[in-house]
Amino acid sequence: MKRIALFIFSFSHFLASASAQSYPIQPVPFTSVSIQQETFWGQRLQASRDVTIPLAFSKCESEGRYKNFEIAARQLKGEDTSNVKVKGYSFDDTDPYKTIEGASYLLQTYPDKKLKAYIDSVLVIIASAQEPDGYLYTARTMNPKHPHEWSGMKRWEKEEDLSHELYNLGHMVEAAIAHYQATGERTFLDIAIRYADCVCREVGPNPGQACVVPGHQIPEMALAKLYTVTGDKKYLDEAKFLLDYRGKTTIVHDYSQAHKPVVEQDEAVGHAVRAAYMYSGMADVAALTGDSAYIRAIDRIWENIVGRKMYITGGIGSTSSGEAFGRNYELPNMSAYCETCAAIGNVYVNHRLFLLHGESKYYDVLERTLYNGVLSGVSLDGGAFFYPNPLESMGQHQRQAWFGCACCPSNICRFIPSVPGYFYQTKERDLYVNLFGGNTARLKVGGKDVNLRQETQYPWDGDILLTITKNKAGQFRLRIRIPGWVQNRPVPSDLYEYADTKRLGYSVKVNGEEMVNGKLEDGYLGIDRKWKQGDRVEIHFDMEPRLVRALERVQADQGRVAIERGPLVYCAEWPDNDFELGGMLLNQKPQFTIHNSQFTIKAAPLSVELKTIETDAQLLNFDDKGKLTTKDVRLTLIPYYAWNHRGPGRMMVWLPQQLRATSPALPPSLASRSQVKSSTVTPALSAINDRLLPKNAEDKSVPYFHWWPKNGGTQWLEYQLPERTRVSQASVYWYDDAPWGGCRVPKAWRILYREGGQWKPVSGADNYPTLRGALCTVHFTPVETDAVRMEIDLPDDNSSGLFEWEIE
């Protein structure tokens, strides 16, 4: 503990002395806040410790991440590795880095000699792959003559495309600083510094340097942080170069925010993770240099995100085409991409903007994103992950234990354990309380020790007790964030608003005496007094279910409402509702009841307690004769982050409240009553006979099935009919996500039927259309059969897919 205390003093000294410029408000090191284990966040940290981090390290072993470093080390020692095929991704080195970062954060909360020893052993492997001049990039060093196909034959020549050399540096630096903070040891930090020095020598605007900017941003924020730790200004200069030259080199497109110089940008575009990391880096460099042009640009972009491009969950990046921001107000639900990494990036951006501006609206967005957009990305037990986080599902979405492109699981590894560092901030003699959860904190206010304890069941109720357990600072101002959801403002824009007539309130008591005239300043209630040990601040936020309505310009949410309570967005899921959710119509003035529910995850096995919400609704259906019927039902809602723990099935965040938004279940069709088989089995197979057609080729609001990444060759789909039936036509609506995606209409297709156990082509087919954005129908000579098959010839360079296959 003495060594850690010395480090914290040293780190704070660097923050103060590295530059005259810094963030006006100072973050609190994660090492200063200990989360109580039986609380909401304590359970998440426990899951990270017990499951997520060990899983990630095991995947680094089984998926060859460590082996890459070992092969590179052998090559550096003179061994012939020219026969080594460099596989995987060019950024695979970052998986160990990110996992070490998360494990380092956990070491402060859960000291673990065995874990620390394991990290030390991994660092030996990593260090062995570092080239003499500091360069560390196994995708090249493993086999310099035949590097990874994305790497190029020379250093940096493919950096603006896909080599990720600077991206790898960024994650290495972030991890090394976290490790240094947690342990006080320089092992990893020195490795990162050597690579950073190599980059500063070789990448820049000067003659003999590679004038390139990152193809994937993150080194900007990492180098700025390295400057605050070391005081060496060359790292800050390098970070500013990487930002200032974006849009001025060979990479000029909006996918990686290089369509114009960063200070001229005013709209969030392109790959959402790259964007969020770049905006975070801009905030860091602006704070450290005082560059107001950067701040003005970030402010404009933030307004665009929060006002036009953010989901109610805090998720960003609406389209799978480029994992990118869509057009203004383009926020589809079923096809929402909302990558987990992008949600984490949204937290980074809003944290930094708060440190710059000190307004609670940034933490309102941060909290919404944290509890919904981020937490949905990892299962409650910590062992399964979402890459995209849709707001509606027909069962085609499931968390997975890992991904070939493992950026999201490893990012969860590093982010969740860092959450303690987001609770408090300080500015001179102000102490900000921004997040609520059981913890103890050891802080510095005006350079003097202040310790406090926070007790609460938040987010399940709105009662928080703050107790001053030590105060050497004398008089200071405690600034308590009053969340926007308490002030009748779900987000700091007109994108979403509450659609009910409720008005929530709050109260704050100091030592039992209620503050009556507390005035909010920038969204904070300030209590300025000379605090004594044992002083108690009791905070109460009214917490009731609220109806949220989106701006009418958000087409996907028209006629619908979302339900939230406190910071949590809720959703309806199939295990709790034994009816078709699409045909449900929420009452115009719903009344809600709240229940403490035991949520059991059989696969884990794990049982957690959470609050569910119930309300009355009506169910609209077509009967067998095509007549519309209604039925009263009881609708149950669970927190959005908890969905998809009980198997795949229907889920909805935005619930129909107007008739135009409902989709009553249609009468059964021959296709919907048939059993589906495919050459490739996936959960999305149910999409082809769900009787849902898109409005046009760009409409991704209904489920679809595809064979991506397969291309060329022939695939098939098959209907096992419920009984022998006369069939004479088939219709297909193809899935084609051109120009960015990998699916196109097929080269050709044909219909076969089963007779005597053999598949035979139908005769008399008039046409097999392959039109994009239209229902393609073939008529043929009628056949009596018990099964129908469709064969699809995939394009040579693309895959194919379909929304729907109908037969009659």
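User: I would like to learn how to read the pairing of strands residue by residue; which residue stands opposite Lys448 in S7?

Analyst: This is a predicted model, and in it Val445 stands opposite Lys448 of S7. The pair belongs to a longer ladder, since strand S6 (residues 439-445) and strand S7 (residues 448-456) run antiparallel and are joined by 7 bridges.

User: In what order do the strands of the sheet that holds S6 and S7 follow one another, and what is the sense of the pairing?

Analyst: The order is S2-S6-S7-S8-S15-S11-S12, an open sheet of 7 strands with antiparallel pairing. Strand S2 (33-35) and strand S12 (513-514) are at the edges and have a single partner strand each, so one side of each lacks a neighbour in the sheet.

User: What should I expect of the side chains along a strand?

Analyst: In a regular strand the side chains alternate between the two faces of the sheet.

User: Which sheet has mixed pairing, and which strands are its edges?

Analyst: An open sheet of 6 strands has mixed pairing, and its order is S1-S4-S5-S9-S14-S13. Its edge strands, each of which pairs on one side only, are strand S1 (26-27) and strand S13 (520-521). At the S1 edge, the pairing with strand S4 (residues 424-427) is antiparallel and spans 2 bridges, and Pro27 has Gln425 of S4 as its bridge partner.

User: Which helix lies across S4, and at what angle does that helix run to S9?

Analyst: Helix H14 (residues 360-374) lies across S4, strand S9 (475-481) and strand S14 (524-530), and the angle between H14 and S9 is about 50 degrees.

User: Turning to cavities, how many of 30 Å³ or more does the structure hold, and what is the volume of the second largest?

Analyst: There are 5 cavities of 30 Å³ or more, and the second largest has a volume of about 70 Å³. Its lining is made up of Asp364, Glu367, Arg368, Arg481, Pro483, Gly484, Trp485, Arg489, Pro490 and Pro567. H14 makes the greatest contribution to this lining, with 3 residues. Sorted by class, the lining of the second largest cavity has 5 charged, 4 nonpolar and 1 polar residues.

User: How should I read a strand with several partners, and which strands pair with S21?

Analyst: One follows the bridges partner by partner. Strand S19 (residues 584-586) pairs with strand S21 (residues 606-622) in the antiparallel sense over 3 bridges, and within that ladder Leu585 stands opposite Gln618 of S21. Strand S20 (residues 593-601) also runs antiparallel to S21, and 9 bridges join the two. S21 and S22 are likewise antiparallel, with 10 bridges between them.

User: Which residues of S20 and S22 are set against Glu614 of S21?

Analyst: In S20, Thr593 stands opposite Glu614, and in S22 the bridge partner of Glu614 is Thr636. The hairpin of S21 and S22 has 5 residues between the strands, and there Gly626 takes a positive phi near 85 degrees.

User: Which residues have a positive phi although they are not glycines?

Analyst: Two cases can be named here. Glu323 has a positive phi of about 50 degrees without being a glycine, and its place is the loop between helix H12 (292-309) and helix H13 (340-357). Asn644, also not a glycine, has a positive phi of about 65 degrees and lies in the loop between strand S22 (628-639) and strand S23 (650-652).

User: Is Asn644 buried or exposed?

Analyst: Asn644 has a relative accessibility of 11% and therefore counts as buried, the cut-off for that class being under 20%.

User: Which peptide bonds are cis, and where do their prolines lie?

Analyst: Here the omega angle is the value to read. The peptide bond from Trp708 to Pro709 is cis, with omega near 10 degrees, and Pro709 sits in the loop between strand S26 (705-706) and strand S27 (714-735). The bond from Ala738 to Pro739 is also cis, with omega near 5 degrees, and Pro739 belongs to the loop between S27 and strand S28 (748-755).

User: Finally, what does Gly247 touch, and where is this residue found?

Analyst: Gly247 is in the loop between helix H10 (233-244) and helix H11 (272-289). Leaving aside residues up to four places away in sequence, Gly247 touches Val252, Ala258, Lys260 and Pro261. Gly247 and Pro261 are separated by 14 residues in sequence, while their C-alpha atoms are 4.8 Å apart in space.

Conventions:
Residues numbered from 1 in each chain as written. Predicted model: local features only at pLDDT ≥ 70, side-chain atom pairs only at ≥ 80, totals over all residues. Heavy atoms only, no water. Pairing = 2+ DSSP bridges. Helix = DSSP H or I, 4+ residues; strand = E, 2+ residues; numbered from the N terminus. Contact = heavy atoms within 4.5 Å. Axes fitted to C-alpha atoms, helices over the stretch in contact; angles between N-to-C directions. 1 Å grid on protein atoms, 1.4 Å probe; cavity = no way out; pocket = protein on both sides within 12 Å on 5 of 7 lines; lining within 4 Å. Points joined across faces, edges and corners; volume = space filled by probe spheres on them. Nonpolar A, V, L, I, M, F, W, Y, C, P; charged D, E, K, R; others polar. Buried < 20%, exposed > 50% of the residue type's maximum accessible area, 1.4 Å probe, protein only.
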